[in-house]
Structure formats: structure tokens, C-alpha cells
Amino acid sequence: GSCDYLRTGRFFAPTPNDTFFWKREERPPPLFLRPTMPPALVGLLLLLPLISATLNSQLGQSPTINRDNHAQQPQQQQQAQAAERFRAPKPTLADLGRDVTIKGWRAAVEWEPLSDEERVTVEQMRVWLGHTEFAQVPLDLAVCFVRGYAYRPDWPRASYAYLERCIDWRKEMGGEIAFQPPPARRDLFESLCQGGPIGRDAEGHPVVLERLGRIPPKQLLQQFDEAEFHQQAYYTKEATRLLCAAHSLQLNRRVYKVVTVLDMRGFGMAHASRGLLSLIKSANQRFSYFYPETLYKLYIVHAPWIFRAVWKTIRPWLHTITAAKIHILGESYEEAFAEAGIVLQTSLEALEPAHGSEHPAETLSGWSATVQRLVQRFGAEALREGFVPREDQVFLQGMQGDQLEMTRGDVAVL
């Protein structure tokens with residue numbers, strides 16, 4: 001039964017062309033997917049797509065295409081094409097093409113100012129959204145949408161379509177929720193889903209911990225339905241944005257990505273229940289589109305040996321960019337953290353009660369307490385504005401209150 005679900009369930013969503021699934025009449029399944037497979041392994045297999053869901057949805061899984069000839073086009077032709085894009089009607093998600101990756105695409109460096117192409121995308125998004133609506137979008141979020149879909153050939157259209165959907169969704173969820181009182185029963189949620197900041201890496205990215213193995217699945221499902229879970233998770237994501245803003249103000253350079261440490265200590269078969277997996281997956285799928293380009297690296301620590309064994313089989317199925325961000329570690333993670341320059345303010349071991357010790361374990365600073373501390377230290381207005389490179393400030397000031405002027409085949413860059 002578990003293997004039948006694994007072959008046909010929605011978590012993997014196989015198609016007849018998927019070479020890693022099999023037809024019953026052609027050949028027996030691989031050894032690691034046969035019905036005699038241990039139940040724990042089934043759970044781990046089901047969990048793996050959830051771990052990378054946030055990454056896969058925004059990186060593209062289709063063959064790459066080449067757009068290198070764009071740089072070789074005459075300037076007048078590029079201007080004419082840009083003018084045509086500005087005249088184009090507002091795109092919708094249904095209008096977008098296939099999710100393919102441009103050959104040779106590389107993610108932009110967070111703290112670098114917007115490039116010329118990125119500025120054109122910003123201007124196009126402003127035209128489609130309207131000046132008033134665009135001015136209400138948090139700048140750090142807008143940058144993530146500009147850069148988060150730059151891998152696509154329909155880049156400006158995709159950035160706008162997903163941003164527009166995100167704006168509507170944010171209004172439904174309460175907008176800048178991190179500056180408001182936490183959602184109801186936040187203390188209970190944070191006791192069940194333990195997480196929070198624990199340090200930073202060498203480049204200044206915040207390091208946040210998610211204690212997946214410590215979630216009591218039955219209690220969580222009893223206390224929070226899907227809508228309530230999404231509201232709580234939304235508060236966590238907005239609190240993470242504030243943390244990035246605080247790090248940016250401290251470093252005096254823009255940072256919008258985080259290093260996530262997923263602690264699997266305590267993980268068991270209960271965590272592979274269909275109810276919990278469905279809850280987590282629905283949230284991951286939603287947030288992967290509404291918070292693009294926000295994950296720098298993902299470390300999975302205290303991973304059982306069987307998890308690491310299965311990972312070697314699963315890894316080739318993932319997009320190469322996705323796989324490069326995921327690091328599966330066991331009990332010994334200190335060396336990997338040291339190589340990445342990760343400095344922990346709260347030790348993972350300190351959060352666990354020592355065997356036979358009379359001293360209680362340290363308490364992880366949750367997200368609601370973190371938001372309070374950040375607002376007191378930096379002020380709500382500074383965190384709301386975040387850090388903007390000087391070059392981007394000049395560019396954005398030039399756009400404020402101006403109307404995009406169009407001439408024959410030319411775009412006036414304001």
C-alpha cells in the first residue's frame with residue numbers, strides 16, 4: 001500500500017515518461033522501492049520532495065535554452081523590443097510559457113545594485129502594477145521577485161505575474177503582519193514547531209533553525225487546521241524578512257537570503273504521516289512562489305543513516321542548482337559549518353537536555369520574541385525600509401512620481 005501510494009501519489013506526481021518509476025508488467029521495481037521496503041524508508045522517501053519543494057518550484061526543471069544572442073543584438077533593436085514589452089498587456093500566470101532555465105544563468109549577488117536588465121524589469125513591473133500599487137510593495141520583496149524569476153526567458157512577465165498574485169495573497173493574510181501582534185495562540189504554535197535564529201555565516205546570512213524532528217504531529221494536527229497553520233507560517237516568513245533587514249542594516253549591505261538548518265533529531269514514522277506531509281507541502285508550495293530567491297543553503301543535520309543512503313539515489317533527480325544548495329549531514333556537522341564560516345550563537349546540543357544532567361536545556365528564542373527584540377533595537381520604520389544600496393536609491397528616486405515616457409520605439413529610462 002505504501003509503495004503504491006509512493007508510485008502514484010501526488011507528492012512525486014509521476015508521469016509515464018518518468019524513467020525512475022516503473023510499469024508493473026515490464027520489470028520488478030528497484031530493490032529500494034519494493035513492497036518489502038521498511039516503513040521508515042517509505043516515510044523518508046516521501047519527505048525528500050518536501051525538503052526541496054521550496055527550491056524546485058522556482059529554479060525550473062525543464063531543459064535549458066540559450067539567450068546569449070540577446071547581448072549581440074544592435075542597441076536600437078534592443079530598445080525596440082523593450083518598448084514593445086512596455087506596451088504589452090498585463091500578463092497573467094495562465095499566459096506564461098514553460099518554466100525553462102536560460103542557459104548559463106547565474107543568480108545575482110544579493111548586495112550588488114540592480115543591473116540594467118533588472119532595472120528594466122522593475123520599470124515594467126511598475127507600469128503593469130501602477131505607480132501607487134508598486135510604491136506599496138516592500139522593496140526587499142520586489143527585488144526577490146525581480147531576481148527570483150530572472151532564470152526564465154519570459155522574465156519580466158513571470159516576475160510581474162507572480163508578484164501580482166503575491167500582493168493579493170498578502171492582503172488576504174494581513175499585509176505587514178510582523179509589525180502587528182502575533183497570531184492567536186502563537187506561543188502554542190512555537191512550542192510545537194520550534195524554530196528561530198541561531199547565528200550567521202561568513203557572508204552575513206542569518207542562520208535559522210527548524211526542529212522538524214521535535215514536532216509532535218498528532219498534537220499539531222489537532223490544534224491547527226491548514227488555514228491556521230498557513231497564517232502562523234506566514235508570520236514566521238515575515239519575521240525572517242525582518243531578520244534579514246536587521247542583518248543588512250548591521251552589515252551596511254543588502255541581504256535577503258537565509259541559511260536554514262533542518263534538525264531531524266527525533267524524526268520518526270509519525271512525521272511521515274499523510275496529514276503532516278500534506279500540511280507541510282501545501283505551505284512549502286505556497287511560500288516557494290511568494291518568497292522566491294530567499295534560501296541560500298539548506299543543511300539537514302542529525303539525518304538518519306538511511307536518509308543519507310536514500311539521498312544518494314534521489315539527488316540525481318533534482319535540478320543541479322537545487323541539489324547544490326542541499327547538504328545532508330549526520331551527527332557531525334561542525335566541520336561543514338566551519339567551512340561555511342557559520343557561527344552559532346545557540347548550540348544545537350545546548351537545546352537538548354544532557355542525559356543525567358540536572359540543568360535544563362537552553363530555550364530557543366522563537367520568532368515572536370525575535371521580532372520584539374529587533375523592533376526595539378532598530379525601530380519599526382528602519383526595518384520596514386530595510387537597506388537599499390545607494391545606486392538603487394538614486395534609481396528609485398528617479399522613478400517616484402514620474403510617468404514612463406514612450407517615444408517611437410524608444411524607452412525613456414527614468
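# Exercises on a predicted model

Beyond its neighbours within four places in sequence, Arg 147 touches Ala 108, Val 109, Glu 110, Glu 112, Pro 113, Leu 114, Glu 118, Arg 254 and Tyr 256. The model is predicted, and the exercises below start from this residue.

**Exercise 1. Place Arg 147 in the structure and decide whether it counts as buried or exposed.**

Solution.
- Step 1. Find the element: Arg 147 belongs to helix H7, residues 139-148.
- Step 2. Apply the cut-off. Buried means under 20% relative accessible area. Arg 147 has 3% relative accessibility, so it counts as buried.
- Step 3. Look for a polar partner. The Arg 147 side chain reaches the backbone oxygen of Pro 113 at 3.3 Å. Pro 113 is also among the contacts of Arg 147.
- Step 4. Compare sequence and space for Arg 147 and Glu 293. They are 146 residues apart in sequence, and their C-alpha atoms are 7.1 Å apart.

**Exercise 2. Which backbone oxygen does the side chain of Ser 159 reach, and what else is Ser 159 in contact with?**

Solution.
- Step 1. Ser 159 is found in helix H8.
- Step 2. Its relative accessible area is 0%, so Ser 159 is buried.
- Step 3. The Ser 159 side chain reaches the backbone oxygen of Phe 145 at 2.8 Å.
- Step 4. Leaving aside neighbours within four places in sequence, the contacts of Ser 159 are Thr 121, Met 125, Phe 145, Val 146 and Tyr 149.

**Exercise 3. How many aromatic pairs are there? Work through two of them.**

Solution.
- Step 1. The count comes to 14 aromatic pairs.
- Step 2. One of them joins Trp 169 and Tyr 291, with 6.4 Å between ring centres and 85 degrees between the planes. An angle over 60 degrees counts as edge-to-face, and this pair is edge-to-face.
- Step 3. Trp 169 lies in helix H8 (residues 155-173), while Tyr 291 lies in the loop between helix H12 (274-290) and strand E4 (295-301); the pair therefore ties together parts 122 residues apart in sequence.
- Step 4. Check burial. Trp 169 is buried at a relative accessible area of 6%, and Tyr 291 counts as buried at 2% relative accessibility.
- Step 5. Phe 189 and Phe 224 also form an edge-to-face pair, 5.5 Å centre to centre with 85 degrees between the planes.
- Step 6. Phe 189 is in helix H9 (residues 186-192) and Phe 224 is in the loop between helix H10 (217-223) and helix H11 (226-251); the pair links parts of the chain 35 residues apart. Both Phe 189 and Phe 224 are buried.
- Step 7. Widen the view. Trp 169 and Tyr 291 belong to one aromatic cluster together with Tyr 234, Phe 287 and Phe 290.

**Exercise 4. Over which rings do the charged ends of Arg 253 and Arg 384 sit?**

Solution.
- Step 1. For Arg 253, the ring is that of Trp 111, with the charged end 3.8 Å from the ring centre.
- Step 2. For Arg 384, the ring is that of Phe 179, with the charged end 4.2 Å from the ring centre.

**Exercise 5. Check the span of helix H16 and find out how its buried residues are placed around the axis.**

Solution.
- Step 1. H16 covers residues 367-378, twelve residues. The expected span is 1.5 Å times one less than the number of residues. That gives 16 Å, and the end C-alpha atoms are 16 Å apart, so the two values agree.
- Step 2. List the buried residues of H16: Trp 367, Ser 368, Thr 370, Val 371 and Leu 374.
- Step 3. These residues cover an arc of only 155 degrees around the axis, so they are on the same side of H16.
- Step 4. Turn to the other side of H16, where Gln 372, Gln 376 and Arg 377 are exposed.
- Step 5. Find the packing partners. The buried residues of H16 pack against H9, strand E1 (195-200), strand E2 (206-210), H11 and helix H17 (380-385).
- Step 6. Look past the end of the helix: Gly 379 follows H16 and has a positive phi, near 90 degrees.

**Exercise 6. Contrast the surroundings of Asn 252 and His 302, starting from their phi values.**

Solution.
- Step 1. Recall the background: most residues other than glycine have a negative phi.
- Step 2. Asn 252 has a positive phi, near 60 degrees, and His 302 has a positive phi, near 55 degrees.
- Step 3. Asn 252 is in the loop between H11 and strand E3 (258-263). His 302 is in the loop between E4 and helix H13 (305-314).
- Step 4. Asn 252 counts as exposed at 57% relative accessibility, whereas His 302 counts as buried at 4%.

Key:
Residues are numbered from 1 along each chain as its sequence is written. This is a predicted model: local features need pLDDT of at least 70, side-chain atom pairs count only at pLDDT 80 or more; totals for chains, interfaces and linings use all residues. Side-chain values use heavy atoms; hydrogens and water are left out. Rings of Phe, Tyr and Trp (its six-membered ring) pair if their centres lie within 6.5 Å; planes under 30 degrees apart count as stacked, over 60 as edge-to-face and the rest as tilted. Helices (H or I, at least four residues) and strands (E, at least two) are DSSP runs, numbered from the N terminus. Buried means under 20% relative accessible area, exposed over 50%, partly exposed in between (1.4 Å probe, protein chains only). A charge sits over a ring if NZ of Lys or CZ of Arg is within 6 Å of the ring centre and within 35 degrees of the ring normal. The arc is that of the directions from the helix axis to the C-beta atoms. Contact means heavy atoms within 4.5 Å. A polar contact is a pair of N or O atoms within 3.5 Å; within protein, one must be able to donate a hydrogen and the other to accept it, and residues adjacent in sequence count only if both atoms are side-chain atoms.
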